[in-house]
Amino acid sequence: MSATVTTVSKAGTAAGDARTEDSGGLREAVRRRRKLLTGGGVLAALLVLGAVLLGGGGWPAGLTADISGPLDAANDWVVDNRDTHPLFLYFLLHLSNTATDAVDAVYQGLDALGWLGVTVAAVLVAWRAAGLGRRGLRAAVTALGAFAVCGVLGMWDATLLTIALMVVSVAVAALLGALIGLAAGLSDRVDRALRPVLDTMQVMPAFAYLLPFVLVFGTGTPAALFCTVIYAAPPMARLTALGLRGADPAALEASASLGASGLQRLWTARLPLARKQMLLGLNQTIMMALSMVVIAALVGAGGLGEEVYSALSTTDVGKAFTAGLPIVLIAVWLDRTTAAAGNGAGVPAPAGSWLHGGRAWALVAAAVAAAAAVRTATWPEAWTYDISTPVNKAQEWITANLTFTEVWAREFTLWVLNPLRDVLVWLPWWSVLLLVAAVAWLVGNWVSAVTATAAMAAIGVLGVWAKSLDTLSQVLAALVLTLVLGFLAGVLCARAGRLERWVRPLLDAMQTMPQFVYLIPVVALFGATRTSAIVAAVVYALPAVVRITTQGLREVDPAAVEASRSLGASTRQQLFGVQLPLARPALQLAVNQGVVLVLAVVVVGGLVGGGALGYDVIKGLSRGEMGLGMTAGIAIVCLGLVLDRVTQRTSRTPR
């Protein structure tokens, strides 16, 4: 009898919970429908009123402010006073010299090891990170193959310079990010203060980071290093704070019960428990730093990025591919090494094993020293092979025989890009602001609407309204393609585990490639056009959309799917009636991430004919027109903020 009463009680509780959940969902649906109807009515009234009072046309010239003149004047002042002003002599000059000396020291150290010493060091560090055993052989072989190909392609010196920039920038970014994450993880007030800052930094495309540092430090290693540090630090800060806040309360309570002080609990409990998250943050910091170091070639950073940039500027696909392949391989090596270290976090070492702990690192150091003692110079010239000529011949064959790519690019530009741009430019400026405000309010709240509208208005005030709408048209076209392909692939991967396992290595490779590298194959196939920038953006953003969609669909409550199946729902009805609605938060996150990633590459696409704001940034960097470049960079940041707010769902009421 007691068991029966308990069962009935549980059933009643479950039914009550289900009714509560259903009623909550119904209230939310009613609230959203009422919000949509109210917003639609107000928007229609405002559109009619605006048409009567304001008319049409682009952004009024009387509401613009030319900031290019003051920015050019500021640039001239910096150039004139860089060698005399106390701010430069006693602070910024020391930072600049320290950055240059640090990168030079690391480069000289790598060069002194010789090609054999560097290769042995990379292989053994990767092996040790994954555990000196059979489990780590895959990471070691990846490192060996990556450095061997870099040497064979004749890119050894450029690879060493890129790695030197990486070592210094990652060390500083990881330290800075860890300190910020430590403060945010231990203080709720700091976490709330830093969250909007980190959100804004995530939205900003990589190009936007270059301009202010070039203004202060000029072109060269210091500007490249500092902008890379600022760009790559947020992931380390976020994941460090996440790891500290997610520490097991029971372990912290046990540590406190043993009389440990706050500092002791931090060192003995919080940080060890957050180790895996911190290693994941290091992995993301490394990948973002590599992406930024390559882009920083625009400001004279040198290395592999400069080789790619010079080749793309002359449309030499063979040379660009020769420099781009080592970048991909270095990215894969770094990703596999840090991922292996993260997967091995917390795995206990076998008792008495020599392949773990300090002894293993001592063995690695001894092997590297022995390899360096061989005194090998740079990679032997006889062991190099030039692949640029065969690649260029292949590109010529593709251009001559696979004409459908150019035809598709031309038709896509004619029937999609141009009409979309013309419609956006034709819309009255006030209607664009109203549409932005309405979408942001429907997706989020009034704070999102005000922020998005203010950012869009700032674009008009900067005097780049038409160019920004041109960039926006490219982003929207690329986003639609990305979401269609990404949602379709995500649904297929979620429903077919075998397909997901086959696709996973391809997605991993696509995610590790820096933004710059995506431009090389699309230029070979589509030429230097706006379509090339869009295709590169789609390929770059697709992995994130596929992964988030797949994960969101798989996390749908199986009981809900089983209930719909028991009621006779077909596979299509289960997908559209149950899984997709329940996975809505994940799908909205996929849209938001797709927007951010698409914008980043569309802007970089200014190198290959994308035009608009991206071209102005590149022109400002390459020709020293800081006013033009900074104005376009600020507009890009504002556009990214608008797109983020209209695709990022927030709470109903601000807290």
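Begin by selecting K467 and D616, whose side chains meet in a salt bridge with an N to O distance of 2.9 Å. K467 lies in helix α19, which covers residues 465-495, while D616 lies in helix α26, so this pair ties together parts that are 149 residues apart in sequence. Keep in mind throughout the tour that the model on your screen is a predicted one. If you colour the two partners by accessibility, K467 comes out as partly exposed, with a relative accessible area of 36%, whereas D616 is buried, with a relative accessible area of 5%.

Next, stay on helix α19 and select D470 together with R530, since the side chains of these two residues meet in another salt bridge, at 3.8 Å from N to O. D470 belongs to helix α19 and R530 to helix α22, so the pair ties together parts that are 60 residues apart in sequence. Here D470 counts as buried at 12% relative accessibility, and R530 is likewise buried, with a relative accessible area of 12%.

From R530, move along to S532, which lies in helix α22, residues 530-554. S532 counts as buried because its relative accessibility is 0%. When its neighbours within four places in sequence are left aside, the residues in contact with S532 are V522, F526, G527 and V608, and it is worth displaying their side chains at this stop.

Now select E562 and R565, which form a salt bridge whose closest N and O atoms are 2.6 Å apart. Both residues lie in helix α23, residues 558-566, and they are three residues apart, about one turn of the helix. E562 is partly exposed, with a relative accessible area of 45%, and R565 is partly exposed as well, with a relative accessible area of 41%. The three pairs visited so far are among the five salt bridges that the structure holds.

Turn then to the surface and select D66, D72, D76, D80 and E625, which gather there in a patch of negative charge. Within this group, E625 is found in the loop between α26 (612-623) and α27 (626-647), and at 30% relative accessibility it counts as partly exposed.

For the last stop, select L87, F91 and L95, which make a nonpolar surface patch of about 260 Å². F91 sits in helix α3, residues 86-129, and it counts as partly exposed, at 46% relative accessibility.

Technical notes: Residues numbered from 1 in each chain as written. Predicted model: local features only at pLDDT ≥ 70, side-chain atom pairs only at ≥ 80, totals over all residues. Heavy atoms only, no water. Patch = residues over 30% accessible without salt bridge, like charges linked within 9 Å, V, L, I, M, F, W, Y side chains within 5 Å. Areas by Shrake-Rupley, 256 points an atom, 1.4 Å probe, with all protein chains shown as cover. Salt bridge = Lys/Arg side-chain N within 4 Å of Asp/Glu carboxyl O. Helix = DSSP H or I, 4+ residues; strand = E, 2+ residues; numbered from the N terminus. Buried < 20%, exposed > 50% of the residue type's maximum accessible area, 1.4 Å probe, protein only. Contact = heavy atoms within 4.5 Å. Lys, Arg positive; Asp, Glu negative; His and termini not counted. Charge placed at Lys NZ, Arg CZ, Asp CG, Glu CD.
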